[in-house]
Amino acid sequence: RMAGMTISKLARVQEAEMAGRVHRQAPLPLAPARGHLIVPEAVKVATETALRGFVGPDGRHEGIVFWAGRQDGADQIVVTVIVPRAIHGRGFVHVPADQVGEVAFESRSRRLVLLSQVHSHPGDDTRHSDADDSLVLMAREAMFSVVAARYGDRGISPAEGAGIHQFQDGQWVQISDAGTSLIIPPTGMHT
């Protein structure tokens with residue numbers, strides 16, 4: 001068992017994800033984002049590089065990172081990317097609870113909060129799977145979750161096919177206005 005998931009259920013999830021779709025049986029509500037997720041270009045690039053780095057002897061694997069930063073009202077401003085120790089394979093990625101705790105502690109010690117997790121799927125389906133909903137440890141109200149397609153090869157913005165989710169009223173929802181909720185300001189803006 002891994003975090004309450006039986007081996008047979010894990011196998012079904014991996015089989016679905018390897019076929020390019022997520023294992024989703026529960027309804028996934030759709031709602032507008034509450035606030036914006038603001039991600040500097042340097043964090044975007046570091047995230048995409050990290051996701052592409054999850055490999056094993058059998059090839060590419062799903063990957064995961066955390067974004068930490070500060071909140072400004074409803075907006076969340078990412079300042080750093082954290083690559084946790086993770087258990088990963090071609091159709092799954094999992095961060096053990098003790099590692100999530102270490103990441104949260106280190107973030108708090110720097111006066112930052114975990115704002116989002118970003119993980120990749122093997123195919124183009126960037127909805128949360130049922131497992132994604134239940135395996136996010138320390139979910140908090142307004143936390144974001146970004147899902148990148150094709151092991152992160154297409155990028156982490158909605159324009160590049162990424163899916164954006166947010167924890168709202170005690171459940172994960174898919175963001176209906178993802179194109180405007182995740183903001184990646186250009187580096188070196190000039191007026």
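This note covers helix 3 and the residue I184 in a predicted model.

1. Helix 3 spans residues 97–109, 13 residues in all. From its first C-alpha to its last it reaches 18 Å. That is close to the 18 Å expected at 1.5 Å a residue.

2. Which residues of helix 3 are buried? They are Q99, V100, V103, A104 and S107. Viewed down the helix axis, these buried residues fall within an arc of 140°, so they line one face of helix 3. The general pattern is familiar: an α-helix has 3.6 residues a turn, so residues three or four places apart point the same way.

3. The buried residues of helix 3 pack against strand 5 (64–72), strand 6 (75–82) and strand 9 (113–120). The face turned away from this buried side carries exposed residues: A97, D98 and R108.

4. After helix 3 comes R111. The phi of R111 is positive, near 60°. Check this residue when you inspect the segment between helix 3 and strand 9 (113–120).

5. Now to I184. Its place is in the segment after strand 13 (182–183). Is I184 buried or exposed? I184 is partly exposed, because its relative accessible area is 22%, and buried means under 20%.

6. I184 and I38 lie 146 residues apart in sequence. In space, their C-alpha atoms are 6.0 Å apart. Leaving aside neighbours within four places in sequence, I184 is in contact with V39, P40, E41 and K44. I184 also contacts I156 and S157.

Technical notes: Residues are numbered from 1 along each chain as its sequence is written. This is a predicted model: local features need pLDDT of at least 70, side-chain atom pairs count only at pLDDT 80 or more; totals for chains, interfaces and linings use all residues. Side-chain values use heavy atoms; hydrogens and water are left out. Helices (H or I, at least four residues) and strands (E, at least two) are DSSP runs, numbered from the N terminus. Buried means under 20% relative accessible area, exposed over 50%, partly exposed in between (1.4 Å probe, protein chains only). Contact means heavy atoms within 4.5 Å. The expected span of a helix is 1.5 Å times one less than its number of residues. The arc is that of the directions from the helix axis to the C-beta atoms.
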